[in-house]
Amino acid sequence: MNGSWKSDERIVPRRPANKGEGAPASAEREEGRRSAKGNSQQGPRHRTQSREDLQESLERIRQAARRDKEQRFTALWHHVYDPNRLREAYKALNRKGASGIDGETWGSYGEELEERLEDLSARLQRGAYRASPVRRVYIPKGDGRQRPIGVPTLEDKVVQRSTVDVLQAVYEEDFVGFSYGYRPGRSQHNGLDAVTVGIKRKKVNWVIDADIRGFFDAISHEWMIRFVEHRIGDTRVIRHVKKWLRAGVMEDGEVLRAKEGTPQGGSISPLLANIYLHYVFDQWVAAWRRQARGDVIVVRYADDIVMGLQYRDEAERLLKDLVERLARFGLELHPEKTRLIEFGRFARSNRKKRGQGKPETFDFLGFTHICGETRNGGFKVARQTIKKRLKAKLKDIKNALRRRMHRPIPETATWVAQVVAGWYRYYAVPGNYRALRTFRRQVIWLWHRALKRRSQRHTWTRARMEELAAVWIPQPRILHPYPELRLRV
């Protein structure tokens, strides 16, 4: 086991399971039900539950979790195998998602949906469900490397999604405010706004840009289960979490069983990652921040972390303590992606006095963050698209246009318009207009180049290309509000 807890590191105190003599109020009573015995008699009612009934049951769990932060839930599994919840989980899946090792697609599974869901529910209820290995695929990263992704079977996707819906009702009451990754109602832009507003409003002079090396592959199964058991006392939930962790990965026809890590790609992996870092990092850094003498801001999106501090000595101490803390649980910071830099409203003037250059920048969630100036000479956090991301995207578009060279122009134009609009939806933040304009101009140039190659008469003049682009490629415009406005809402 990696590391150990100390008595002064009280993560979440454990309570006796809510069963038996002297136990706290039972989960059945907390969730508004009479008894566990009565559950077996309510099967037909569950099968005819409406979507509102499903939401009401989750709301009862949320209220119980909110009332008692130490409550251990011992009766959750019946919520997971409810056929109605399984159906909602199926409908929520990506209909065009890749198939697992069984080759089952969303459409083929849905041909006999009700019969399959009834059978799946019965197997989950009696313990006959078996988790399958995930199929490993690789997707390109912005730096040219390949990111391994696990593709579960369709049935595993359904069960995992249903389980996540139930467990989130508990953990959303526990997760801290500065955690933004893979949570309902929160997005990458919320995390970006939190960084910008935090640096501007607090006395931030130093920024720690931290990245955990190979986080999803380094998660300790033993610690993971111990963390889940702090809140979940239902042995059936724990047993199935273990099944997914130990299911393994199939690559080149061979099943590889892992003793640590959780494959990215399944619905359960993001939630488990948040649970792991909630106990390893979030609660720990929240306690550390309360003891600091200066201002401290923290924003975490999955394993990407940004921390801003007022004093350099505290920033150095926090970074040192963080390395030690992560090591106890089998994690380590990426040495090349983790930095301590001078950043904030006084960084530019302080470095100028010392005869140093401009303040360093840091990357977070696709944007390079820069110490900028407003028109009035005030401080602002400027955000620009990471250049590597921009180049990688243009390279992908170039290759795709080559493959589409001889397709009808309206078909390709529709595709180009969708790609550009999708890029705008993420990167069209205030202050990033120039990068958007550059992206559009480069896309037009690549498309023009592809069209000239397919026409030996070279009839595609620049003027004609501009007319085509004016019709099909949307003009850049800022789509996101200023960070202060979005956080205020």
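# Exercises on a pocket, a helix and two sheet regions

The lining of the second largest pocket holds 9 nonpolar, 9 polar and 9 charged residues. Nonpolar here covers Ala, Val, Leu, Ile, Met, Phe, Trp, Tyr, Cys and Pro; charged covers Asp, Glu, Lys and Arg; the others, Gly among them, are polar.

The model is predicted: local features need pLDDT of at least 70, side-chain atom pairs count only at pLDDT 80 or more, and totals for chains, interfaces and linings use all residues. Residues are numbered from 1 along each chain as its sequence is written, and side-chain values use heavy atoms, with hydrogens and water left out.

**Exercise 1.** Describe the second largest pocket and its lining.

*Solution.*
- Start with the term. A pocket is an open set of points on a 1 Å grid over the protein atoms alone, where a 1.4 Å probe fits, with protein on both sides within 12 Å along at least five of seven lines; lining residues have an atom within 4 Å of a point.
- Take the volume, the space filled by probe spheres set on the points, which are joined across faces, edges and corners. It is about 790 Å³ for the second largest pocket.
- Find the lining. It has 27 residues, and Lys380, Ala382, Arg383, Gly431 and Asn432 lie nearest the centre.
- Assign elements, which are DSSP runs numbered from the N terminus: helices (H or I, at least four residues) and strands (E, at least two). H10 (188–201), E10 (367–373), E11 (379–385), H17 (387–403), H19 (433–454) and H21 (483–488) each supply at least two lining residues.
- Pick the main contributor. E11 gives the most, 6 residues.

**Exercise 2.** Place E11 in its sheet.

*Solution.*
- Read the order. The open sheet has 3 strands, E9-E10-E11, with antiparallel pairing (strands pair if DSSP finds at least two bridges between them).
- Find the edges. E9 (362–364) and E11 each pair on one side only.
- Add the twist. It averages 40 degrees from one strand to the next, with axes fitted to C-alpha atoms and angles from 0 to 180 degrees between N-to-C directions.
- Count bridges. E10 and E11 share 7. In E11, Arg383 is the bridge partner of His369.

**Exercise 3.** Which strands pair with E1 (residues 134–140)?

*Solution.*
- E4 (residues 249–251) pairs with E1 in the parallel sense over 2 bridges. Val134 stands opposite Val249.
- E2 (residues 146–151) pairs with E1 in the antiparallel sense over 6 bridges. Pro140 stands opposite Gln146.

**Exercise 4.** Check the span of H9 (residues 154–171), and say whether H9 is largely enclosed or not.

*Solution.*
- The expected span is 1.5 Å times one less than the number of residues. For the 18 residues of H9 that gives 26 Å.
- The end C-alpha atoms are 25 Å apart, which agrees.
- Of the 18 residues, 16 are buried (under 20% relative accessible area, 1.4 Å probe, protein chains only), so H9 is largely enclosed by the rest of the structure.

Technical notes. Buried < 20%, exposed > 50% of the residue type's maximum accessible area, 1.4 Å probe, protein only.
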